[in-house]
Amino acid sequence: MEKNMYDLVIVGGGPAGLSAGIYAMRAAMNAVLVEKGMPGGQVALTKDVENYPGIEEVGGFELCEKFLNHAKRYNLEIRENEVARVEPGVDFHEVVLADGTRLDTHAVILAAGGSARKLGVPGEMEQYGKGVSYCATCDGFFFRGKTVVVVGGGDTALEDALYLSKICNKVYLVHRREEFRGSRILQQRVFAEPRITLVLSSVLTNIAGNDQGVTGVTVQHVESGETRDIDTDGVFIFVGFRPNNMLVPAGVKMNAAGYVVTDEKCETSLPGIFAVGDLRQKYANQIVLAAADGCVAALAAAHFVEARKAQAGRK
């Protein structure tokens with residue numbers, strides 16, 4: 001089996017991982033980034049990004065390309081492979097890939113991001129890919145001129161409801177509370193959009209469908225308990241993300257929600273192992289914060305590796 005020794009292995013190619021790669025290469029580290037899919041993470045699935053400083057408006061995929069091209073400019077090694085596990089060690093850590101390759105490294109930056117949360121209601125998994133979606137920019141095209149239901153109350157739900165309102169004839173926006181959690185400017189746009197109908201203080205309890213796909217949903221009012229059926233061709237679910245913490249080694253401290261607890265350097269409770277982006281416990285998950293995490297972790301990793309090598313040289 002192939003074995004390699006690196007200063008740093010970055011697991012994940014979203015904004016946090018690519019930012020870490022940029023700063024690692026600028027610090028003259030021998031680094032490699034491992035990404036099992038398309039670099040960019042969740043951002044690549046976002047139609048428009050309007051809150052990244054210095055760029056007033058950019059497509060999510062385009063922004064990811066800018067991150068990727070910037071990293072490639074510094075000749076960052078990028079491997080398209082899946083990480084099977086991370087094995088912490090005393091002298092060095094090992095990152096084991098799905099094909100059996102073992103990457104020995106002084107430091108690891110975990111940038112695995114998060115995944116869409118599921119509602120867990122009847123019909124959700126049965127109709128997944130047949131009308132149930134977690135990405136409006138991926139699947140919205142298939143519902144042009146039709147009726148859809150959007151579930152959620154955060155920025156993503158509001159953004160995608162607005163996006164779908166430009167494609168679909170009607171958009172029902174279902175939220176369990178009376179007020180949205182999303183930013184004020186997005187709320188104002190939603191309120192002003194005539195194609196969006198609000199269904200507040202309600203939860204979706206069932207997704208109906210047949211062999212052709214989704215046919216309708218049932219929603220229940222959280223206070224009265226009354227239910228109503230809504231005919232729809234599709235359901236887009238945006239109720240948050242859960243951290244992809246499957247690769248977090250035993251011994252790394254996590255909070256009750258599964259997010260990795262770090263210090264201000266993004267270092268975990270295991271020396272030389274860092275966590276960044278949506279995987280890390282912090283106040284908010286934003287692209288700019290993920291990029292900042294990558295920067296901080298790479299600079300801290302560079303200092304850690306330099307100290308580790310100096311210590312080894314004195315022995």
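Is Cys266 buried or exposed, and what is its relative accessible area? In this predicted model, Cys266 is buried, with a relative accessible area of 1%.

**Cysteines**

The cysteine sulfur closest to that of Cys266 belongs to Cys295, and it lies 9.3 Å away, too far for a bond. Seen from the other side, Cys295 has its closest cysteine sulfur in Cys266, again at 9.3 Å. Cys295 is buried as well, its relative accessible area being 17%. A disulfide requires two cysteine sulfur atoms within 2.5 Å. The sulfur atoms of Cys266 and Cys295 are 9.3 Å apart, and therefore this pair does not form a bond. The count of disulfides in the structure comes to zero.

**Aromatic rings**

The structure contains five aromatic pairs. Two of them are set out below.

| Pair | Arrangement | Centre to centre | Angle between the planes |
|---|---|---|---|
| Tyr128 and Tyr134 | tilted | 5.7 Å | 45° |
| Phe141 and Phe142 | edge-to-face | 5.8 Å | 75° |

Why is the pair of Phe141 and Phe142 called edge-to-face? The term applies to planes over 60 degrees apart; the planes of Phe141 and Phe142 stand at 75°, and so the pair is classed as edge-to-face. The planes of Tyr128 and Tyr134 meet at 45°, and this pair is therefore classed as tilted, an angle between 30 and 60 degrees.

The surroundings of these rings can also be described. Tyr134 has a relative accessibility of 15% and counts as buried. Phe141, at 57% relative accessibility, counts as exposed. Phe142 is likewise exposed, with a relative accessible area of 54%.

**Charges over rings**

Tyr134 has a further partner: Lys118 lies over the face of its ring, at 5.0 Å from the ring centre. A second arrangement of this kind involves Lys170, whose charged end sits over the ring of Tyr172, 5.2 Å from the centre of that ring.

**Ser133 and its contacts**

Where is Ser133 found? Ser133 belongs to strand S10, which covers residues 132–133. At 3% relative accessibility, Ser133 counts as buried. Its side chain makes a polar contact with the side chain of Asp139, at 2.5 Å. When neighbours within four places in sequence are left aside, the residues in contact with Ser133 are Asp139, Val235, Phe236 and Ile237. Asp139 thus appears both in this list of contacts and as the partner of Ser133 in the polar contact between side chains.

Technical notes
Residues are numbered from 1 along each chain as its sequence is written. This is a predicted model: local features need pLDDT of at least 70, side-chain atom pairs count only at pLDDT 80 or more; totals for chains, interfaces and linings use all residues. Side-chain values use heavy atoms; hydrogens and water are left out. Rings of Phe, Tyr and Trp (its six-membered ring) pair if their centres lie within 6.5 Å; planes under 30 degrees apart count as stacked, over 60 as edge-to-face and the rest as tilted. Buried means under 20% relative accessible area, exposed over 50%, partly exposed in between (1.4 Å probe, protein chains only). A charge sits over a ring if NZ of Lys or CZ of Arg is within 6 Å of the ring centre and within 35 degrees of the ring normal. Helices (H or I, at least four residues) and strands (E, at least two) are DSSP runs, numbered from the N terminus. A polar contact is a pair of N or O atoms within 3.5 Å; within protein, one must be able to donate a hydrogen and the other to accept it, and residues adjacent in sequence count only if both atoms are side-chain atoms. Contact means heavy atoms within 4.5 Å.
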